[in-house]
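User: Hi! Could you take a close look at one salt bridge in this model for me, and then walk me outward from there into the rest of the fold?

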Amino acid sequence: MAQDWPLLYHVLDDFSEPWRAEPAPAVLLHHGLAGNGNLFRAWVPSFANRYRVLRIDARGQGRSPLPDGYAFSLDGFVNDTLAVMDHLSIQRAHWIGTSGGGIIGQHAAVVAPARFASLTLVATTARFRGPAIGVDQWLAPLDRGDTDEFFRQDIVTRFGLEAPERADWIINEIQRTPPETIAALHRWVVGVDLSEAIRAITCPALIVTGEHDTLMDMSDAQLLADRIPNARIHVVEGHPHNVGYTHPALVGGVVRRFIDSVEDGTATGDASSGAAYLSASGAPDVTAEEARTIGALSGLDLSGDRARQLAGTLSAFLGQQERLRALDTGDREPAVMTFESEQST
């Protein structure tokens, strides 16, 4: 592939067993608009025992400079990323994108489906509608050169208030990107609409959204789930927009289990409902009577879809137990089983 621009700044963390005949599968972490790969540093331990972990700084952001004449475009962002993958001889990766990185990931999965094994979309949308106050008023602090003011004007829905030092660190990292570039990126993204194109995505997809995200809300997540054929939603209760940055262990664990299921061939979906469920032996068919029984046993009033999800979780648990019993661990630690109902501390 021809590359007209310098290669992006990137970090590849590879702690896989070097004697393996085939390289470990790769996960690609793509930050949101104005971010950089360092925002994902706490994700690396969640994946490094099985995957090569590639973090990039997108064009003009973080440590990747913006060349003269470079115009932001979905194709440009995807081609830049593919160039890094080619440079590292990564033929296929699991794309994990947060916010703007999820928007770019949707386009990547459409135009280069052979290069991506799965798609994880954290706090993102198929079409960014912009704030109610209007884009220019929203971006006014950036136009004045004040990145800090821009991100603190809606800090509650972006980062939450329970850990001010964490929000400070994230904003300081984002300030590696010049304010005029941040403004240009946001003015560019309001013109992007992938709401029809995503129907062509063929890889398994996980949509993760914070319950208190108002920049990209539940309607955005539901549209993605409805239109991507093999997709599921995970709602992180009580958390804001940038939950991928603020709670990396919590969200990274959810994503790790999803990607493991894709690698192991146990990710299944229900395209008719626009949601997919993970199980060891497929998402079981649940009749109305069985749904009532599952509801009675769990003490919950469950719809058919929710009953199917609960049955799938039980099936996954039992299947994981069987695999652990059969696993010759040698000098490796056994897998740690966690569940999606976990809450952050």
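Analyst: Happy to. Let's start with R50, which forms a salt bridge with D264; their closest N and O atoms are 2.8 Å apart. R50 sits in the loop between α1 and β3, while D264 belongs to helix α12 (residues 248-264), so this pair ties together parts that are 214 residues apart in sequence. R50 counts as partly exposed, at 26% relative accessibility. D264 is partly exposed too, with a relative accessible area of 41%.

Keep in mind that this is a predicted model. The protein chain averages a pLDDT of 80, and 72% of the residues score at least 70. Over residues 269-283 the pLDDT is below 50, although this stretch has 50 contacts in the model beyond near neighbours in sequence. The pLDDT is also below 50 over residues 324-345, a stretch with 21 such contacts. Where pLDDT is low, the predicted coordinates should not be read in detail.

Back to the charged pairs. The structure holds 17 salt bridges, and a second one to look at joins the side chains of R59 and D80, at 3.1 Å from N to O. R59 lies in the loop between β3 and α2, and D80 in helix α2, so the pair ties together parts that are 21 residues apart in sequence. Both R59 and D80 are buried.

A third pair brings in helix α10. D220 forms a salt bridge with R127, where the closest N and O atoms are 3.6 Å apart. Since D220 lies in helix α10 and R127 in the loop between β5 and α4 (135-138), the pair ties together parts that are 93 residues apart in sequence. D220 is buried, with a relative accessible area of 2%, whereas R127 is partly exposed at 25%. As for your starting pair, R50 and D264 belong to one network with R256 and D260, joined by salt bridges that share partners.

D220 has buried company in helix α10 (residues 218-227): the buried residues there are D220, A221, L223, L224 and A225. What covers them includes α3, β5, β6 (205-210) and β7.

Several of those elements belong to the sheet. It is an open sheet of seven strands in the order β1-β3-β2-β4-β5-β6-β7, with mixed pairing. Its edge strands are β1 (10-13) and β7 (231-236), each pairing on one side only. Neighbouring strands are turned by 15° against each other on average, direction ignored. Four bridges join β1 to β3 (residues 52-56), and these two strands run antiparallel; V11, for example, has R55 in β3 as its bridge partner.

Helix α2 (residues 74-87), home of D80, packs on this sheet, touching β1, β2 (26-30), β3, β4 (93-98) and β5 (116-122). The direction of helix α2 makes about 140° with that of β3. Helix α3 (residues 100-111) packs on the sheet as well, touching β2, β4 and β5, and its direction makes about 145° with that of β4.

One last stop is G37, in the loop between β2 and α1 (44-47). G37 is buried, with a relative accessible area of 4%. Leaving aside its neighbours within four places in sequence, G37 is in contact with H31, R55, I56 and D57. The C-alpha atoms of G37 and I56 are separated by 5.1 Å, though these residues are 19 residues apart along the chain. R55 links this spot back to the sheet, as the bridge partner of V11.

Notes. Residues are numbered from 1 along each chain as its sequence is written. Side-chain values use heavy atoms; hydrogens and water are left out. pLDDT is the predictor's confidence in each residue, from 0 to 100. Contact means heavy atoms within 4.5 Å. Two strands pair if DSSP finds at least two bridges between them. Axes are lines fitted to C-alpha atoms, for helices over the stretch in contact, and angles run from 0 to 180 degrees between N-to-C directions. Buried means under 20% relative accessible area, exposed over 50%, partly exposed in between (1.4 Å probe, protein chains only). A salt bridge is a side-chain nitrogen of Lys or Arg within 4 Å of a carboxyl oxygen of Asp or Glu.
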